[in-house]
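Trainee: Got a minute to go through this model with me? I'd like to start with the charges.
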Amino acid sequence: MGLIDRATLLANLERVEARVAAACARAGRTRDTVQIVAVTKRHPPELVRLAWEAGLRHVGENYAQELRDKHEALSDCAGLRWHAIGPVQPKNAKYVAKAAHVFHALERLEVAQELSRRRTGGVLPCFVEVNVEGEASKAGLTTESVRPFLESVRALPNLEVVGLMTMPPFTENPEMVRPAFRRLAALAKELGLSQLSMGTTGDFEVAIEEGATHVRIGTALFGERPE
Ligand SMILES: *Cc1c(COP(=O)(O)O)cnc(C)c1O
């Protein structure tokens, strides 16, 4: 699959920006309360460079080794901030600790411990991933286990939990996931956490209406991912 060209990316970005701005307006929020994390997983490093040239500064990667490699390949892109958005194995946490500016998928104490141990040069802001719907096959903590998990993580140096993240099942109709986003927002409020990482290509507008501070958008910006 060929790389998306610059003109297409700029047009996609403009459309996504307009939709984000409209969702903010509907929700009575200012545009600067929502961060777009451009999800570049499985795309080559050249695509990340193209995104950076287009003005995008926050990019999202799912796989720890891919994050490590791209972080290294693109070290000359000033101001680029790497968001690790997928769950990680304890043995790969070192790559996230080194390369990530933000981690969106904290769900295991073992990983938190490893990140804490390996992190140097500044606190790593983390989102705790929650499986709001309680689906068996999904990553994330159950809603009941978030509070005790937070208490354990708070004892660890070099990490700070700043919010909650969720990845609801894909549905054709984004209204179907609104209740999940609403539940995540309520839980974050209850726990005194101010940030919410929720919403992807299929449902980012609904997520913004329900309070998302970070939307993780891949396909709407870059087209289909390579296999
Ligand atoms: C792939 C992925 C995204 C982006 O999905 P799109 O539908 O391409 O926008 C967002 N969040 C996570 C955790 C992902 O794995």
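Mentor: One cut-off before that: a salt bridge here is a side-chain nitrogen of Lys or Arg within 4 Å of a carboxyl oxygen of Asp or Glu. Keep in mind that the model is predicted.

Trainee: OK. Is Lys41 buried or exposed?

Mentor: Lys41 is buried, and it has no salt bridge.

Trainee: Which side chain of opposite charge is nearest to Lys41, then?

Mentor: Glu61, at 8.8 Å. The cut-off for a salt bridge is 4 Å, so that pair does not count as one.

Trainee: Where does Lys41 sit in the chain?

Mentor: In the loop between β1 (35–39) and α2 (45–53).

Trainee: And what does Lys41 touch, leaving out residues up to four places away in sequence?

Mentor: Gly60, Glu61, Asn62, Tyr63, Glu66, Lys70 and Arg225. Glu61 is therefore in the contact list of Lys41, where contact means heavy atoms within 4.5 Å, although its charge is 8.8 Å away.

Trainee: Charges overall: how many of each sign?

Mentor: There are 29 positive and 29 negative side chains, with the centres of the two sets 3 Å apart.

Trainee: Switching to the fold. How many helices and strands?

Mentor: Nine helices and eight strands.

Trainee: What about the radius of gyration?

Mentor: The protein has 17 Å, which agrees with the value near 17 Å for a compact globule of 227 residues. The C-alpha atoms fill a box of roughly 50 × 40 × 30 Å along the principal axes.

Trainee: What share of the residues is buried?

Mentor: 49% of the 227. The exposed surface is about 10,600 Å², and carbon and sulfur atoms supply 51% of it.

Notes:
Residues are numbered from 1 along each chain as its sequence is written. This is a predicted model: local features need pLDDT of at least 70, side-chain atom pairs count only at pLDDT 80 or more; totals for chains, interfaces and linings use all residues. Side-chain values use heavy atoms; hydrogens and water are left out. Helices (H or I, at least four residues) and strands (E, at least two) are DSSP runs, numbered from the N terminus. The radius of gyration is taken over C-alpha atoms; the globule rule is 2.2 Å times the number of residues to the power 0.38. Buried means under 20% relative accessible area, exposed over 50%, partly exposed in between (1.4 Å probe, protein chains only). Accessible areas come from the Shrake-Rupley method with a 1.4 Å probe; for residues, only the protein chains shown count as cover. Lys and Arg count as positive and Asp and Glu as negative; His and the chain ends are not counted. The place of a charge is taken as NZ of Lys, CZ of Arg, CG of Asp or CD of Glu.
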